[in-house]
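The following exercises are to be worked through with the sequence and the structure in view. Each task is followed by a solution in steps.

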Amino acid sequence: MTQITLRRPDDWHLHLRDGAMLQAVTPESARHFGRAIVMPNLVPPVVTGAQAAAYRERIEAAIPEGSDFTPLMTLYLTEETDPADVAQAHAEGLVTAVKLYPAGATTNSASGVRDFDRVRPVLETMAERGIPLCVHGEVTDPEVDIFDREAVFIDHVLDPIRRATPGLRVVMEHITTRQGADYARAGGPDLGATITTHHLVINRNDILVGGIKPHYYCLPVAKREEHRRALVAAATSGEASFFLGTDSAPHVDAAKECGCGCAGCFTATNTLSILAEVFEAQGALDRLEAFASLNGPAFYGLAPNEATVTLEKGAPVTYPEKIDCADGPVTVFDPRMPLHWRVL
Ligand SMILES: NC(=O)N[C@@H](CC(=O)O)C(=O)O
Ligand SMILES: [Zn+2]
Ligand SMILES: [Zn+2]
């Protein structure tokens, strides 16, 4: 096979940031993707419907002329979030989902949730109205090893929340473990999981062997090779539980290549070529469309995109090593393998 055509993919977990970074990275996603769930972890975070409306306007102004890329907005859940504001923002079509960050778990999560009982009324409203909760699934307990934080979160936080809130629709964002994939698979139609591009490619050795590689550091941190393989099996299975959320998370190089580097891999630019390579290696190119273009809309109750994209196999694809941002360069994720599938 030298060409494949799929429904235009969507990105169900994306960081577009704000200001100069928003201007720099929005065209990178708009080039290939139809829609994206835009993460609300700005400083300050996007907490209210009014803030989401203002942020959407700033994103729309950064979308290149002629592109029909559509940002789908999220609200950042805090212990002060008003259930009525969430319900109204969703009813107006302004907000697609609500994002739960355990306080301190990741980039810009300081305003996240400490006491999960305090967000119970919001979660109940969301369950009644079918508003999905997107979850960064890691505990922050300093006693828990960073490589175990996802698995512990599933048992100690996520499963109890789901049992206490029947009907709550949950997306486990950026799963990184076999336990995450198994739990998502067993969760039925109210549970989904996004898988990033980079977690299909790197394991923890890629971060640490032969010198520390800040551009492979993201959260949840990449795990052992057996977990990467479990993620590849899940993504390439075609199962409805799994869909693409790149978690493309740009930081300027100065913020990554330093004594306390930020977490996040920037993959918007070359994601589709990488995914085609990964799926082809599994003999699963025919299931790329399910993962990138069909399963996500089905979970969110949306139609797949009408438009298509075609990828063609040939000489290795070139892409920039860095993209320019007025705040400084941003390194594009290096999959450390030649990519042969070019998006036409
Ligand atoms: N994934 C990351 O490593 N970083 C994300 C935050 C997140 O998605 O947890 C970011 O905003 O930079
Ligand atoms: Zn996260
Ligand atoms: Zn993210």
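**Exercise 1.** Determine whether Ala127 is buried, partly exposed or exposed, and establish which residues it touches.

*Solution.* The model is a predicted one. First, locate the residue: Ala127 belongs to helix 4. Next, consider its surroundings: 19 other C-beta atoms lie within 10 Å of Ala127. A residue counts as buried if 20 or more such atoms are present and as exposed if there are 12 or fewer. Ala127 is therefore partly exposed. Then list the contacts, leaving aside residues up to four places away in sequence: Ala127 touches Thr165, Pro166, Gly167 and Leu168. Finally, compare with Ala164, which is 37 residues from Ala127 along the chain; the two C-alpha atoms are separated by 11 Å.

**Exercise 2.** Describe how helix 3 and helix 4 are arranged, and state which residues form their contact.

*Solution.* Begin with the axes: those of helix 3 (residues 83–91) and helix 4 (residues 120–129) come within 9 Å and cross at roughly 30 degrees. Angles under 35 degrees count as roughly parallel, so helix 3 and helix 4 are roughly parallel to each other. Their crossing is right-handed. From helix 3, the contact involves Pro83, Val86, Ala87 and His90, which meet Pro121, Val122, Thr125, Met126 and Arg129 of helix 4. Sorted by character, the residues of this contact comprise 6 nonpolar, 2 polar and 1 charged.

**Exercise 3.** Carry out the analysis for helix 5 and helix 6: what is the angle between them, and which residues meet?

*Solution.* Helix 5 (residues 149–164) packs against helix 6 (residues 178–186) at an angle of about 30 degrees, and their axes are 8 Å apart. Helix 5 is therefore roughly parallel to helix 6. On the side of helix 5, Glu150, Ala151 and Ile154 take part; they meet Gln179, Gly180 and Tyr183 in helix 6. The residues of this contact divide into 3 nonpolar, 2 polar and 1 charged.

**Exercise 4.** Find the place of Asp247 and decide whether it is buried or exposed.

*Solution.* The starting point is a record: in an unreviewed UniProt entry, the annotation "active site" covers Asp247. In the model, Asp247 lies in the loop between strand 9 (242–244) and helix 9 (253–256). Around Asp247 there are 27 other C-beta atoms within 10 Å, so the residue is buried. Leaving out residues up to four places away in sequence, Asp247 touches His13, His174, Thr196 and Cys218.

Definitions and conventions. Residues numbered from 1 in each chain as written. Chains lettered and ligands numbered in written order. Predicted model: local features only at pLDDT ≥ 70, side-chain atom pairs only at ≥ 80, totals over all residues. Axes fitted to C-alpha atoms, helices over the stretch in contact; angles between N-to-C directions. Helix = DSSP H or I, 4+ residues; strand = E, 2+ residues; numbered from the N terminus. Parallel < 35°, antiparallel > 145°, perpendicular 65-115°, else oblique. Left-handed = near helix turned anticlockwise from the far one by under 90°. Contact = placed C-beta atoms within 7 Å. Nonpolar A, V, L, I, M, F, W, Y, C, P; charged D, E, K, R; others polar. UniProt positions renumbered as here; feature names shortened; annotations may be inferred.
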